[in-house]
Amino acid sequence: ERKKEEGLGVKQAKRNLFDVIEGDYLSKCIYYLYNKGVFDTLRSKPYDSTSLAKIYNWNPLVLFQILEFISLSTDILIRIPSTNDSEAEKIKKTEANDLTVPALQFLTTTQYQLAEDYDDYGLFGHYLDKFFGAYSGCFNHLDTVLNASNSQKPITKDDLGVDEQSLCKSFSGINSFYSASSPLIRTLLKYNKILDLGCGTGIALLSFLRHCPSATKQAFGVDKNQHMCAEIQKRAKDNKLDSFLRVFHADVRDLEKTLPSDVVGQVDCILGGSLFNEFFFAEHGDECVAVFQLIKKMFPGVPVINFDYYGKLGFHDPEYIHKDFQ
């Protein structure tokens, strides 16, 4: 918005090499402080680096330099400057064991607080847990991804080093439910026995059960992430919905071996959210087609509600998509 007002245009300049290095260092500093609970502390009130260092038993000068780095490079922290801001340059050049009295005073007068825009977990912690905690390890497996077309077996998420506990944490912190008026819930309420493939922490299934007018409603969840399974069961119990829910810890490709026949016979609607794109690591989605064929075999005539907001299912090139999808 500022660039628009100043007539500078809105096109983002390309990053140079040192911007890239700075970004890498910033991400490591931010994620470290996040995991240590520093941003939670700075959410409640502003702290100077000396007071904050006492809480965590850290070196105040090093912490000061990290907080300066983050506050001057991002909009995550609000920096409340000292009345003697020129002392900052002296401190940045000072060794940790050689602090002068004026430098120490500066450390106790410059304060930092988490910006209001990042107060909500869904706008801050969720993204750190998901993209740093869960997915950053994937970049250690670029060799696997780049050689996927040469592999004898399809590449799956298991091959990419995804941290399932961090992935679960990223969604566990979001405690909202879909409203009864949302298009998804309005659609699901037309059915009685919902099977959610890749149910995660249960936002969709538990929203369905919360808004059900009848005690005959039943929900079944399947997820290969054991942490997700534990979380949805905990949430169901906390909301007194556990008697209407059954959860199976399994890969959806193993449904035939996982789901009891009495469950298969009851299901009248299947839900899949951000699931089917997971099977597009293989060329042209052969793995995904196989999953759909399995569902069709086990649940003939049962509707499938699928929503994927990323990946190859969003492409419309008929030459790219598997012929069985066209």
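1. Which residue in strand 3 is the bridge partner of Asp48? That partner is Gln111, and the pairing belongs to an open sheet of three strands, in the order 1-3-2, whose pairing is antiparallel. Two strands are said to pair if DSSP finds at least two bridges between them, and strand 1 and strand 3 (residues 111-114) pair in the antiparallel sense over two bridges. The edge strands of this sheet are strand 1 (47-48) and strand 2 (77-80), each of which pairs on one side only.

2. Before going on, please note that this is a predicted model, in which local features need pLDDT of at least 70 and side-chain atom pairs count only at pLDDT 80 or more, while totals for chains, interfaces and linings use all residues. Residues are numbered from 1 along each chain as its sequence is written, and side-chain values use heavy atoms, with hydrogens and water left out. The helices (H or I, at least four residues) and strands (E, at least two) are DSSP runs, numbered from the N terminus.

3. Helix 5 (residues 60-73) lies across strand 2 and strand 3 of the antiparallel sheet, and it runs at about 110° to strand 2. For such angles, axes are lines fitted to C-alpha atoms, for helices over the stretch in contact, and the values run from 0 to 180 degrees between N-to-C directions; contact itself means heavy atoms within 4.5 Å.

4. Helix 5 also meets helix 2, since the axes of helix 2 and helix 5 come within 10 Å and cross at roughly 115°. Helix 2 passes helix 5 in a left-handed crossing (left-handed if the near helix is turned anticlockwise from the far one by less than a right angle, right-handed if clockwise). On the side of helix 2 the residues are Glu22, Tyr25, Leu26, Cys29, Ile30 and Leu33, and they meet Ile66, Leu67, Phe69, Ile70 and Ser73 in helix 5. The residues of this contact divide into nine nonpolar, one polar and one charged, where Ala, Val, Leu, Ile, Met, Phe, Trp, Tyr, Cys and Pro count as nonpolar, Asp, Glu, Lys and Arg as charged, and the others, Gly among them, as polar.

5. The structure holds 10 aromatic pairs, a pair being rings of Phe, Tyr and Trp (its six-membered ring) whose centres lie within 6.5 Å, with planes under 30 degrees apart counted as stacked, over 60 as edge-to-face and the rest as tilted. One of them joins Tyr31 and Phe132, whose ring centres are 5.6 Å apart and whose planes stand at 70°, so the pair is edge-to-face. Because Tyr31 lies in helix 2 (residues 17-35) and Phe132 in helix 8 (residues 125-134), the pair ties together parts that are 101 residues apart in sequence.

6. A further open sheet is formed by five strands in the order 6-5-4-7-8, and here the pairing is parallel. Its edge strands are strand 6 (245-249) and strand 8 (304-307), each pairing on one side only, and neighbouring strands are turned by 15° against each other on average, direction ignored. Within this sheet, five bridges join strand 4 (residues 193-197) to strand 5 (residues 218-223), and the bridge partner of Lys193 in strand 5 is Gln218.

7. Helix 12 lies across strand 4, strand 5, strand 6 and strand 7 (269-273), running at about 175° to strand 5. The axes of helix 12 (residues 203-210) and helix 13 (residues 226-238) come within 10 Å and cross at roughly 20°, and the two helices are therefore roughly parallel to each other (angles under 35 degrees count as roughly parallel, over 145 as roughly antiparallel, 65 to 115 as roughly perpendicular and the rest as oblique). This contact is made by Ile203, Leu205 and Leu206 of helix 12 and Ile232, Arg235 and Ala236 of helix 13, which divide into five nonpolar, no polar and one charged.

8. Helix 13 has a second partner to consider, namely helix 10 (residues 164-172), as their axes come within 8 Å and cross at roughly 30° in a right-handed crossing. Among the residues that make this contact are Leu167, Cys168 and Phe171 of helix 10 and Met228, Glu231 and Arg235 of helix 13. By class, the contact has four nonpolar, four polar and three charged residues.
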